[in-house]
Amino acid sequence: MGVSIHIDGARPGVTINKNIYGHFSEHLGRCIYGGIFVGKDSPIPNVNGMRTDVVEALKKLEVPVLRWPGGCFADEYHWQDGVGPQESRKRMVNTNWGGVVEDNSFGTHEFLELCRQLGCEPYINANVGSGSVREMAEWVEYLNSDGDSSVVKQRWANGQKDAWGVKYLGIGNESWGCGGNMRPEYYADEFRRFSTFCRDYGKNKLYRIACGPSDDDLRWTEVLMKQAGRHFDALTLHSYTIPSGKWKDKGEATVFDEERYYQTLERANRMEKLVTDHCAIIDRVERELAKREGEKVHRVDLIVDEWGCWHEVEKGTNPGFLYQQNTMRDAMVAALTLNIFNRHADRVVMANIAQMVNVLQSVILTEGDDMLLTPTYHVFDLYRRHMDASLLDCAVFADSLPGSVKQVSASASLRDGEITLTAANLHMTDAVDVDITVDGVDVKDVTARAISGDAHDMNTFEDKEKVVIRPLTAIRRTASGFTVTLPACSVAEIRVRG
């Protein structure tokens, strides 16, 4: 069977929320310190402490939203420790990640300065596990109020006159695990209590985000929806791609055989079922509540705010820093996952890859004053034009690889009169000709660019351009559309102009 893709270009669908292309930064390893933030006095070029090279690279991706400060770190983070003069900030030991000293030199003001430089929305995950209702309420007030209160005057004294107007507020993180080992019934009550005292200030309306399930814990979703669904705007989902599916057998990031490669894709493809199953529960409970209470349906969105590959740490590095290399195998996972999110844009409104720099499936690695872009970075670059574009129906006809994953994964959208098709040839060794037809569009011009290589290819500090985006010229017009030859293990952005 050949591979073909059929795009319905005449009926644009829902808008793909740009926040699907969001990122996650936690006080973990070298993500913040050394990766993003080096301090104003560092010899590494910076603006207000933020690494210039990293910020400029991230700006190219048009990062839409950034989650902070965790992760597990969020539920032991006390925001007052990270404001005020640097020399008087409280020092702590980061017991979650590596047992290193956290000096809180990167706090609320620094995070929001980073967001300003990137031009992105901040998503703050607040502390339920070890924090108090008052602490969270006052953080929201510090962030968003212009009232004449002691909390606001503290912000003024720390150099910020105007409120930031933070919209996205996560109330607890992984409350079923590192965030408190809570039962869903208990967390539902806690969420209702904490969220009650997180006020809206002025015209800024909080978008309240509840801690959702891990992977296929459908009961967590059902309980949260039934007991607290009226009180939040979105529910999160955390799911990592662990090739074997076993935490004790994660395997190395750069050493794997063909069987483990396809096993990785099979695990990543589970995201389709996870999103479908959890959204089905959300939809059903919404209807039940509306019918029972005689109200219109209160729509709850899904946010996948932790996703990506989780391999063993690189040898010789702190095991608590979760530093791993990034190969074309990881790029395949990113492409496959982002295509899934695009296709579910009717319910998935945000996703945040874990993590931004130097941790897990990061888009950037740093080493001292040096920096490189990973294959996953280039996937995000290739997919940029999907942000805030209209989803198009995109049917893929292809054989399955070992397992149930089709050889080609794809999604398509329309923006400014141009169709963007992102397609990944997931085959480890074989190129493929893909016949593409587009209904409703008189195709005038087709251009493409792509990354490709051996599944083990990666960028290193000795060879930073082993994997880079290059023009893809193997395009042939046909009577019904066009054919593109996708190299083995490749991700392509194909632009169609009519």
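## Salt bridges

A salt bridge is counted here when a side-chain nitrogen of Lys or Arg lies within 4 Å of a carboxyl oxygen of Asp or Glu. The model under discussion is predicted, and 40 such contacts are present in the structure. One of them joins the side chains of D53 and R51, with an N to O distance of 2.9 Å. R51 has a relative accessible area of 0% and is therefore buried, whereas D53, at 25%, is partly exposed.

A salt bridge also connects D249 with R260, at 3.3 Å from N to O. This pair links distant parts of the chain, the two residues being 11 residues apart: D249 belongs to the loop between β11 (234-241) and α7 (258-268), while R260 is in helix α7 itself. The relative accessible area of D249 is 35%, so D249 counts as partly exposed.

Salt bridges also combine into a network. Its members are K60, E62, D381, R384, R385, E418, D445, R449, E493, R495 and R497. In general terms, side chains of opposite charge can pair when their charged atoms come close.

## Helix α2 and its surroundings

Helix α2 spans residues 108-118, and 10 of its 11 residues are buried, so the helix is largely enclosed by the rest of the structure. The buried positions are T108, H109, E110, F111, L112, E113, L114, C115, Q117 and L118. R116, in contrast to these buried positions, is exposed, with a relative accessible area of 53%.

Within this helix, E113 and R116 form a salt bridge whose closest N and O atoms are 2.8 Å apart. Because the two residues are three positions apart in α2, about one helical turn separates them. E113 has 16% relative accessibility and therefore counts as buried, the cut-off being under 20%. The pair thus joins a buried acidic residue to an exposed arginine. Just after the helix, G119 adopts a positive phi of about 75°.

## Strand pairing

An open sheet is built from six strands in the order β16-β18-β19-β25-β21-β22, and its pairing is antiparallel. At its edges stand β16 (390-392) and β22, each of which pairs on one side only. Within the sheet, β19 (residues 418-425) and β25 (residues 490-497) are joined in the antiparallel sense by eight bridges. Across this pair, L421 stands opposite I494 of β25. As a general rule, side chains in a regular strand alternate between the two faces of the sheet.

Strand β20 (residues 432-439) takes part in two further pairings, described here in turn. With strand β1 (residues 3-8), β20 runs parallel and shares six bridges; S4 stands opposite D435 in this arrangement. With strand β24 (residues 481-486), β20 runs antiparallel, again through six bridges. In β24, T485 is the bridge partner of D433.

## Backbone features in loops

Two cis peptide bonds may be described. W68 and P69 are joined by a cis peptide bond with omega of about 5°, and P69 is located in the loop between β5 (65-68) and β6 (92-94). The bond from A354 to Q355 is likewise cis, its omega being near -5°. Q355 belongs to the loop between β13 (348-354) and β14 (364-367).

Positive phi values also occur at residues that are not glycine. N181 has a phi of about 50° and lies in the loop between β9 (168-171) and α5 (184-196). With 64% relative accessibility, N181 counts as exposed, since the cut-off for that class is over 50%. D215, also not a glycine, has a positive phi of about 50°; its place is in the loop between β10 (207-210) and α6 (218-228).

## A negative surface patch

E367, E462, D463 and E465 together form a negative surface patch. Among them, E465 is found in the loop between β21 (445-452) and β22 (470-471). E465 has a relative accessible area of 57% and is therefore exposed. The strands that flank this loop, β21 and β22, are neighbours at one end of the order of the six-stranded open sheet.

Key:
Residues are numbered from 1 along each chain as its sequence is written. This is a predicted model: local features need pLDDT of at least 70, side-chain atom pairs count only at pLDDT 80 or more; totals for chains, interfaces and linings use all residues. Side-chain values use heavy atoms; hydrogens and water are left out. Patches are made of residues with over 30% relative accessible area and no salt bridge: like charges are joined within 9 Å, nonpolar side chains (Val, Leu, Ile, Met, Phe, Trp, Tyr) within 5 Å. Accessible areas come from the Shrake-Rupley method with a 1.4 Å probe; for residues, only the protein chains shown count as cover. Lys and Arg count as positive and Asp and Glu as negative; His and the chain ends are not counted. The place of a charge is taken as NZ of Lys, CZ of Arg, CG of Asp or CD of Glu. Helices (H or I, at least four residues) and strands (E, at least two) are DSSP runs, numbered from the N terminus. Buried means under 20% relative accessible area, exposed over 50%, partly exposed in between (1.4 Å probe, protein chains only). Two strands pair if DSSP finds at least two bridges between them.
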